[in-house]
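User: Could you walk me through some of the labels used for this structure and show me what stands behind each one?
Analyst: Gladly! Here it is.
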Amino acid sequence: QVQLVESGGGLVQPGGSLRLSCAASGRIFSINSMGWYRQAPGKQRELVAGITDGGVTNYVDSVKGRFTISRDITKNTPYLQMNSLKPEDTAVYYCNINGVVAGRRYDFWGQGTQVTVSS
């Protein structure tokens, strides 16, 4: 059974930085993509940043130039470096990995980590 566990969230002042990590237990094969999503209170979950198996990245417009997604393929671990944080970045952040386990493709999700940007 594969589980994803996020870490690195917390309370930070506007303009500050955080780095999120997502540790995967169990082996995931044929990973199509990794990504970070967020959900703020009263809003739908949105894709913040994604990276394909080929290393192509994409970002929601509101974080371009401030956030950077990266990965460690050997550990099935995506990272999200968040700089110049703004109060509107406050949300629960979830990691996602799309890959194959036991011959079937799944979307795996973490339980979420809270990021709060406030002075």
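Analyst: Let's start with a cut-off: a salt bridge is a side-chain nitrogen of Lys or Arg within 4 Å of a carboxyl oxygen of Asp or Glu. Please keep in mind that this is a predicted model.

User: Thanks! What makes aspartate 89 and arginine 66 a salt bridge?
Analyst: Their closest N and O atoms are 2.8 Å apart, and the limit is 4 Å, so the label applies. The pair links distant parts of the chain, with aspartate 89 in the loop between S8 and S9 and arginine 66 in the loop between strand S6 (57–59) and S7, 23 residues apart. Aspartate 89 and arginine 66 are both buried.

User: Which residues are joined into one network by salt bridges that share partners?
Analyst: Arg38, Glu46, Arg66 and Asp89 are. Arginine 38 forms a salt bridge with aspartate 89, the closest N and O atoms being 3.0 Å apart. That pair also links distant parts of the chain: arginine 38 is in strand S4 and aspartate 89 in the loop between S8 and S9, 51 residues apart. The side chains of arginine 38 and glutamate 46 meet in a salt bridge as well, at 2.7 Å from N to O. The structure holds 4 salt bridges.

User: Why is arginine 38 called buried, and why is glutamate 46 called partly exposed?
Analyst: Buried means under 20% relative accessible area, and partly exposed runs from there up to 50%. Arginine 38 has a relative accessible area of 6%, so "buried" fits. Glutamate 46 is at 30%, so "partly exposed" fits.

User: How do you know that glutamate 6 has no salt bridge?
Analyst: The nearest side chain of opposite charge, arginine 45, is 7.5 Å away, and a salt bridge has to be within 4 Å, so glutamate 6 does not qualify. Glutamate 6 is buried all the same, and is found in strand S1 (residues 3–7).

User: What lies around the side chain of glutamate 6, then?
Analyst: Two backbone nitrogens have a place here. The one of cysteine 95 lies 2.9 Å from a polar atom of the glutamate 6 side chain, and the one of glycine 112 lies 2.8 Å from a polar atom of that side chain. With a limit of 3.5 Å for a polar contact, both distances are inside the cut-off. Leaving out residues up to four places away in sequence, glutamate 6 touches ten positions' worth of neighbours, among them Ser21, Cys22, Trp36 and Tyr94.

User: Why is the aromatic pair of tyrosine 37 and tryptophan 109 called edge-to-face?
Analyst: The centres are 4.9 Å apart, inside the 6.5 Å limit for a pair, and the 65° between the planes is over 60, so the pair counts as edge-to-face. Tyrosine 37 lies in strand S4 (residues 29–39) and tryptophan 109 in strand S10 (residues 104–109), so the pair ties together parts that are 72 residues apart in sequence. Tyrosine 37 is partly exposed at 22% relative accessible area, and tryptophan 109 is partly exposed at 35%.

User: And why is the pair of tyrosine 106 and phenylalanine 108 called tilted?
Analyst: Here the planes are 45° apart; that is neither under 30 nor over 60, so the pair counts as tilted. The centres are 5.5 Å apart. Tyrosine 106 is partly exposed, at 31%, while phenylalanine 108 is buried, at 12%.

User: What makes arginine 45 count as lying over the face of tryptophan 109?
Analyst: Arginine 45 is 4.9 Å from the ring centre. The distance limit is 6 Å, so that part of the rule is met. Arginine 19 likewise lies over the face of tyrosine 79, at 4.4 Å from the ring centre.

User: What is noteworthy about phi in asparagine 76 and serine 84?
Analyst: Most residues other than glycine have a negative phi. Asparagine 76 has a positive phi of about 50°, and phi of serine 84 is near 50°. Asparagine 76 lies in the loop between strand S7 (67–72) and strand S8 (77–82) and is buried at 7%. Serine 84 sits in the loop between S8 and strand S9 (91–101) and is partly exposed at 41%.

Technical notes: Residues are numbered from 1 along each chain as its sequence is written. This is a predicted model: local features need pLDDT of at least 70, side-chain atom pairs count only at pLDDT 80 or more; totals for chains, interfaces and linings use all residues. Side-chain values use heavy atoms; hydrogens and water are left out. Helices (H or I, at least four residues) and strands (E, at least two) are DSSP runs, numbered from the N terminus. Buried means under 20% relative accessible area, exposed over 50%, partly exposed in between (1.4 Å probe, protein chains only). Lys and Arg count as positive and Asp and Glu as negative; His and the chain ends are not counted. A polar contact is a pair of N or O atoms within 3.5 Å; within protein, one must be able to donate a hydrogen and the other to accept it, and residues adjacent in sequence count only if both atoms are side-chain atoms. Contact means heavy atoms within 4.5 Å. Rings of Phe, Tyr and Trp (its six-membered ring) pair if their centres lie within 6.5 Å; planes under 30 degrees apart count as stacked, over 60 as edge-to-face and the rest as tilted. A charge sits over a ring if NZ of Lys or CZ of Arg is within 6 Å of the ring centre and within 35 degrees of the ring normal.
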